[in-house]
Amino acid sequence: MKILCFGIAREIIGSASLELDADGVTSVASLKAHLEAEYPRFKTLSAYRIAVNQTFAESSEGISEADEIAIIPPVSGG
Amino acid sequence: MDDTIDIQILDIPLDLQTNYDFVVTEACGGINAFVGTVRRWNKNEEVTHLEFECYMPMAIKELQKIAIEAKEQFKAHKISIHHRVGRVGLTEIAVIITVACKHRAASFRACEYIIDQLKKDVPIWKKEFLVDGSYWVNARP
């Protein structure tokens with residue numbers, strides 16, 4: 001599945017999108033666990049959220065290949 | 001989108017007159033504007049410029065949600081929100097919000113509500129460039 005990366009998440013991953021073929025990643029919680037294992041710098045952020053189909057998702061929410069998934073580090077608009 | 005809400009994310013300089021003109025209406029006697037600009041000093045560090053990036057479709061959706069909430073909560077008639085992306089220099093405008101309500105009190109409150117919510121939930125990110133380095137604002141504790 002393809003994950004969109006913005007701001008500091010884009011810099012941590014080194015790309016504006018990440019192609020993930022991890023079988024165990026079926027929920028927001030498991031995606032975050034996977035990201036933190038592969039890219040420990042995520043654990044140093046003050047927080048970050050996952051958006052599924054352009055909406056903030058709860059950690060229990062399921063995700064699949066068909067969804068548009070994005071890593072949302074702490075926002076700082078304005 | 002209805003003709004009472006104007007949301008734009010732009011990579012060119014913002015223009016207050018445009019936001020003002022959008023919200024002017026015979027029904028309203030109070031227009032409030034918030035303009036966020038780039039300042040030179042932040043926490044005793046000298047800023048050279050900012051760079052904004054955004055998750056465009058979601059940022060537009062979140063801004064629309066906030067505008068709809070502000071219309072309901074404060075009986076705002078018209079709302080215009082423009083946010084800049086890309087490189088923004090000192091004194092340049094990062095964001096403009098204009099709100100028209102029947103009376104002044106509601107337009108002040110609605111304008112404050114919109115900028116506060118924007119800073120919480122809209123996927124836009126600011127990188128601050130200092131004389132000696134750069135960092136993503138709010139990213140680290």
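Three salt bridges turn up across the interface of chain B and chain A, in what is a predicted model. Over all chains, the structure holds six salt bridges. The same interface also has 21 residue pairs in polar contact, both partners being at pLDDT 80 or more. About 2300 Å² is buried between chain B and chain A.

**Salt bridges between the chains**

- B:Glu53 and A:Arg10 pair up through their side chains, with N to O at 2.4 Å.
- Another salt bridge joins the side chains of A:Arg49 and B:Asp121, this time at 3.0 Å from N to O. It runs from strand E3 of chain A (residues 49-52), where A:Arg49 sits, to helix H3 of chain B, home of B:Asp121.
- How accessible is A:Arg49? It comes out as partly exposed, with a relative accessible area of 31%.
- B:Asp121 is partly exposed too, with a relative accessible area of 23%; the buried label would need a value under 20%.
- As for the general idea, side chains of opposite charge can pair when their charged atoms come close.

**What the contact is made of**

- Chain B puts 28 residues into the contact, and chain A puts in 25 residues.
- Carbon and sulfur atoms give 52% of the area buried between chain B and chain A.
- Which three residues supply the most of the area that chain B buries against chain A? They are B:Tyr55, B:Trp125 and B:Arg140, which together supply 28% of that area, more than any other three residues.
- With 21 residue pairs in polar contact across the interface, it's worth asking which elements of chain B are on the touching side. Strand E4 (45-54), helix H2 (56-74), strand E7 (93-101), helix H3 (104-121) and strand E8 (124-130) each supply at least two residues there.
- H3(B) has the largest share of that side, with five residues.
- Sorted by class, the side of chain B that touches chain A has 17 nonpolar, nine charged and two polar residues.

**Salt bridges inside chain B**

- The side chains of B:Lys65 and B:Glu62 form a salt bridge, at 2.9 Å from N to O.
- Where do these two sit relative to each other? B:Lys65 and B:Glu62 are three residues apart in helix H2 of chain B, so about one helical turn separates them.
- On the accessibility front, B:Lys65 counts as partly exposed at 39%, whereas B:Glu62 counts as buried at 5%.
- B:Glu92 forms a salt bridge with B:Arg84, and the closest N and O atoms are 2.9 Å apart.
- In this pair, B:Glu92 is partly exposed, with a relative accessible area of 29%, while B:Arg84 is buried, with a relative accessible area of 7%.

**Chain B as a whole**

- Chain B has three helices and nine strands, and along the sequence they follow the pattern β-α-β-β-β-α-β-β-β-α-β-β.
- Its radius of gyration is 16 Å, which agrees with the value near 14 Å for a compact globule with 141 residues.
- Taken along the principal axes, the C-alpha atoms of chain B fill a box of roughly 50 × 25 × 25 Å.
- What share of chain B counts as buried? The figure is 49% of the 141 residues.
- Take the contacts in chain B between residues at least 6 apart in sequence: 77% of them join residues at least 24 apart.

**Chain A as a whole**

- Two helices and five strands make up the secondary structure of chain A, and they run β-α-β-α-β-β-β from the N terminus on.
- A compact globule with 78 residues would have a radius of gyration near 12 Å, and chain A agrees with that at 11 Å.
- The box filled by the C-alpha atoms of chain A is roughly 35 × 25 × 20 Å along the principal axes.
- Of the 78 residues of chain A, 47% count as buried.
- For contacts in chain A between residues at least 6 apart in sequence, 48% join residues at least 24 apart.

Notes
Residues are numbered from 1 along each chain as its sequence is written. Chains are lettered from A and ligands numbered from 1 in the order in which they are written. This is a predicted model: local features need pLDDT of at least 70, side-chain atom pairs count only at pLDDT 80 or more; totals for chains, interfaces and linings use all residues. Side-chain values use heavy atoms; hydrogens and water are left out. Contact means heavy atoms within 4.5 Å. Buried area is the accessible area (1.4 Å probe) that two parts lose on being put together, summed over both. A salt bridge is a side-chain nitrogen of Lys or Arg within 4 Å of a carboxyl oxygen of Asp or Glu. A polar contact is a pair of N or O atoms within 3.5 Å; within protein, one must be able to donate a hydrogen and the other to accept it, and residues adjacent in sequence count only if both atoms are side-chain atoms. Helices (H or I, at least four residues) and strands (E, at least two) are DSSP runs, numbered from the N terminus. Ala, Val, Leu, Ile, Met, Phe, Trp, Tyr, Cys and Pro count as nonpolar, Asp, Glu, Lys and Arg as charged, and the others, Gly among them, as polar. The radius of gyration is taken over C-alpha atoms; the globule rule is 2.2 Å times the number of residues to the power 0.38. Buried means under 20% relative accessible area, exposed over 50%, partly exposed in between (1.4 Å probe, protein chains only).
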